[in-house]
Amino acid sequence: MEIKNLILTGGCGFIGSNFIRYLLEAPDFTGRIINVDKLTYAGNIENLSGIGERYPDRYIFQRADICDLDLMRDIFLRYNVDAICHFAAESHVDRSIKHPKGFIHTNVIGTFNLLEIARTNAENFVLFHHISTDEVYGSLGLEGYFTEASPYRPNSPYSASKAASDHLVRAYHKTYGLPTTISNCSNNYGPYQFPEKLIPLIIINAMQGKPLPVYGDGKNVRDWLYVRDHCEAVWTVMQAGRRGETYNIGGNSEMENIVIVEMICDLLDEIIPPSTGRSRREMITFVKDRPGHDRRYAIDFSKLREELHWDPRESFASGLRKTILWYLDNGPWIDRVQSGAYQTWIAEQYGEPES
Ligand code: NAD
Ligand code: TYD
């Protein structure tokens, strides 16, 4: 399969921007990327600064809303698009609890629009790859893992909207024969993640001497994957995954939230010893739990490992250190994303004004 013109949606977000950097350097991709992004609060054009200059013939940015069917069709036809890799989504569980409507629009209607455009222009179309999450499977107890055969049991408006989009992608393959692949991945972390999510929020608050909010008892478990490993897995599935199939992607790194927060404190204390001489752990604050908070996610990715020979490269300890060093080196990026909109969210969610 050779992709010549790839629409990549949501390329200014956390994973999308990492994926664009990864793909433009991949030796087995020589095509052109058309990055379609609405630039919501989570989309940051700066995440790709320098890319347009470095790859003038292979990278195009189009600001557009995937919910705008006519505009998306124009872009598809203008650039002779033969594949779509669909990252764009409203992606934050806590926001979906407070403001669910936008999640249904972007994640469900937006995905439907892209599928319709691909279906009705299918002649040279080679692949629709849909980026999804392990959260569609719901919550686990202490035992067991999500496999591709696990039932869908989404618990938040975010995961329900992603589940709906997964079902649409599946249906377009079964009904219309659209060449599709889906990947359901566990929690990512790494450079360029917006600091509403646990790891960047804790790193930045700890750097800035602010309280470190941990929901509930801190014992909820997620399986963490360094973002570059996710990028490599997605490209592996796009190239070699069987059409119509779903592949789980995981990190083999199950961690309790409280353990992660403590690790971040300890790593920061080691890299920049606190001037007070007191551990940053003292800033950990247990706060009210998230409603419907999923207890544990854990991924069985043996299908991807056995069929396509992918394994994560980064351990959680090495990935977390790299991530902390990236945030320490990118103060101006942090200053700019901590804008007015960010301050409003922090006040709404944690109920305390930023100092
Ligand atoms: P993000 O919130 O950082 O980025 C989302 C991007 O989509 C932003 O650039 C935003 O501007 C853009 N966008 C939002 N609505 C849009 C619209 N209507 N039209 C065009 N662009 C729009 O998200 P992320 O963490 O990079 O996640 C990317 C994808 O990966 C999502 O589909 C998410 O469900 C999935 N995913 C994320 C994780 C994770 O841990 N972050 C894990 C598994 C799966
Ligand atoms: P998050 O990064 O929002 O990802 P998701 O909800 O998609 O898994 O949260 C990861 C875990 O961290 C989740 O169990 C909720 C918890 N959490 C906190 O304890 N404190 C926080 O301030 C945030 C944002 C999350």
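The questions and answers below walk through a predicted model, taking up one helix and then the two ligands.

Me: Which elements do the buried residues of helix 13 pack against?

Reply: In helix 13, which spans residues 340–350, the buried residues are Y342, W345, I346, Q349 and Y350. Seen down the helix axis, these residues fall within an arc of 100°, so they line one face of helix 13. The elements that this buried set packs against are helix 4 (93–98), helix 7 (198–207), strand 8 (212–215) and helix 12 (331–337).

Me: How many of the residues of helix 7 are buried?

Reply: The buried residues of helix 7 are I199, P200, L201, I202, I203, I204, N205 and A206, and after the helix comes G209, whose phi is positive, near 70°. Helix 7 is therefore described as mostly covered, a residue counting as buried when its relative accessible area is under 20%, and the number of buried residues among its 10 is eight.

Me: Which element gives the largest share of the shell around ligand 2?

Reply: The shell around ligand 2 holds 18 residues, with E135, R222, R290, H293 and Y350 the closest, and by type it divides into eight nonpolar, five polar and five charged residues. Helix 7 and strand 8 each supply at least two residues of this shell. The largest share, three residues, comes from strand 8.

Me: What percentage of the accessible area of ligand 2 does the protein cover?

Reply: Among the polar contacts of ligand 2, one of its oxygen atoms is 2.6 Å from an N or O atom in the side chain of R290, and a polar side-chain atom of Y350 lies 2.6 Å from an oxygen atom of the ligand. A nitrogen atom of ligand 2 is also 3.0 Å from a polar backbone atom of P213. Of the 510 Å² of accessible area that ligand 2 has on its own, the share covered by the protein is 97%.

Me: Which element gives the largest share of the shell around ligand 1?

Reply: Ligand 1 is surrounded by 29 residues, of which I15, D37, S91, Y158 and K162 come nearest, and a nitrogen atom of this ligand is 2.9 Å from an N or O atom in the side chain of D65. Taken alone, ligand 1 exposes 840 Å², and the protein buries 96% of that. Two or more residues of the shell come from each of helix 1 (14–25), strand 5 (127–133), helix 6 (157–176) and strand 7 (187–189). The largest share, three residues, belongs to strand 5.

How values were computed. Residues are numbered from 1 along each chain as its sequence is written. Chains are lettered from A and ligands numbered from 1 in the order in which they are written. This is a predicted model: local features need pLDDT of at least 70, side-chain atom pairs count only at pLDDT 80 or more; totals for chains, interfaces and linings use all residues. Side-chain values use heavy atoms; hydrogens and water are left out. Buried means under 20% relative accessible area, exposed over 50%, partly exposed in between (1.4 Å probe, protein chains only). Helices (H or I, at least four residues) and strands (E, at least two) are DSSP runs, numbered from the N terminus. The arc is that of the directions from the helix axis to the C-beta atoms. Contact means heavy atoms within 4.5 Å. A residue is near a molecule or strand if one of its heavy atoms lies within 4 Å of it. A polar contact is a pair of N or O atoms within 3.5 Å; within protein, one must be able to donate a hydrogen and the other to accept it, and residues adjacent in sequence count only if both atoms are side-chain atoms. Accessible areas come from the Shrake-Rupley method with a 1.4 Å probe; for residues, only the protein chains shown count as cover. Ala, Val, Leu, Ile, Met, Phe, Trp, Tyr, Cys and Pro count as nonpolar, Asp, Glu, Lys and Arg as charged, and the others, Gly among them, as polar.
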